[in-house]
Amino acid sequence: MSKPEINIFDTKKEVAEAVVEKIKELSDSNTISIALSGGSTPKLLFSIMAARYKESIKWQNIHFYWGDERCVPPNDDESNFKMTKINLFDNVDVPEYNIHRIAGENNPEGEADKYGEEINKNIEGSPYPKFDLVILGMGTDGHTASIFPHQMSLLQSHSICEVATHPESGQKRITLTGRVINNAKNVFFLVTGADKKEKTAEVLLEKGNFKDYPAYHIQPKGKLSWFLDKEAASLIA
Ligand code: 6PG
């Protein structure tokens, strides 16, 4: 693995605060594309962005996409879009046309193709669109975005988006593929909590079954940064 930048903070809140600052830096003088993640740390990130950066972030400079979405309607509690809307979009002035929602209510296969076309139309890059930033979490099983260990082929798909399936619930998801994520200029992993410490250590120290975890295979040509709280980092620091 190329050496990622590893940032360790005392608390989940400090992780989120550091990431907001990075997003502000990236977007202050450039129009950027960000692929968002679901999960608990991004939820805190969005609420801090809304509470403290409403006036200081240039929202018109940021185009929001998703790295993955559950195949549910946008008003469903499972929806990553709904979580972002409640915690961020409802509280700041992001232009509507800057929000590129995955239509989780649509047919999954059709939406995976349609969203891939939306990304291709708006984001340059060859052979894959090049996001300025992809924000990721990591599950306790080592999944990232909606690439789960039982579907490692999604890492190598030549499509921009694919339909994934949650291993326990069977819930269908739309996810960016590994090749698109690895083509990004910046990839941020936001990983917090003691329940992530084993997988974090396996992935970052290349121990145990690290090759079985999709998160390990996120090794972008661009810059890879991990943002950890001390609980998640307790076996590596
Ligand atoms: C999702 C996320 C998923 C998430 C991990 C970690 O749609 O659920 O994209 O990949 O990042 O499950 O979630 P936590 O940060 O809440 O543990």
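Here are two short exercises on a predicted model, each with a worked solution.

**Exercise 1: the ligand site**

Work out which residues come nearest to the ligand, which N or O atoms of Ser37 pair with a ligand oxygen, and how much of the ligand the protein covers.

*Solution*

Step 1. Start with the neighbours. There are 14 residues around the ligand, and the nearest are Ser40, Asp68, Arg70, Ala145 and Lys196.

Step 2. Sort the shell by character. You get two nonpolar residues, eight polar ones and four charged ones.

Step 3. Go through some polar contacts, using a cut-off of 3.5 Å between N or O atoms. Ala145 uses a backbone N or O atom, 2.7 Å from a ligand oxygen. With Asn80 it's a side-chain N or O atom, and the distance to an oxygen of the ligand is 3.0 Å. Ser37 also brings a side-chain N or O atom, at 3.2 Å from a ligand oxygen.

Step 4. Now check the cover. On its own the ligand has 420 Å² of accessible area, and the protein covers 86% of that. As for where the ligand sits, the space it takes is the largest pocket.

**Exercise 2: the cysteines**

Find out how many disulfides the structure holds, and decide whether Cys161 is buried or exposed.

*Solution*

Step 1. Recall what you're looking for: a covalent bond joining the sulfur atoms of two cysteines.

Step 2. Search the whole structure, and you'll find zero disulfides. Take Cys71: its nearest cysteine sulfur belongs to Cys161 and is 11 Å away, whereas a disulfide needs the sulfurs within 2.5 Å.

Step 3. Look at accessibility. Cys161 has a relative accessibility of 4%, so it counts as buried; the cut-off is under 20%.

Key:
Residues are numbered from 1 along each chain as its sequence is written. This is a predicted model: local features need pLDDT of at least 70, side-chain atom pairs count only at pLDDT 80 or more; totals for chains, interfaces and linings use all residues. Side-chain values use heavy atoms; hydrogens and water are left out. A residue is near a molecule or strand if one of its heavy atoms lies within 4 Å of it. A polar contact is a pair of N or O atoms within 3.5 Å; within protein, one must be able to donate a hydrogen and the other to accept it, and residues adjacent in sequence count only if both atoms are side-chain atoms. Accessible areas come from the Shrake-Rupley method with a 1.4 Å probe; for residues, only the protein chains shown count as cover. On a 1 Å grid over the protein atoms alone, a cavity is a set of points where a 1.4 Å probe fits but cannot get out, and a pocket is an open set with protein on both sides within 12 Å along at least five of seven lines; lining residues have an atom within 4 Å of a point. A molecule sits in a cavity or pocket if more than half of its atoms lie within 2 Å of its grid points. Ala, Val, Leu, Ile, Met, Phe, Trp, Tyr, Cys and Pro count as nonpolar, Asp, Glu, Lys and Arg as charged, and the others, Gly among them, as polar. Buried means under 20% relative accessible area, exposed over 50%, partly exposed in between (1.4 Å probe, protein chains only).
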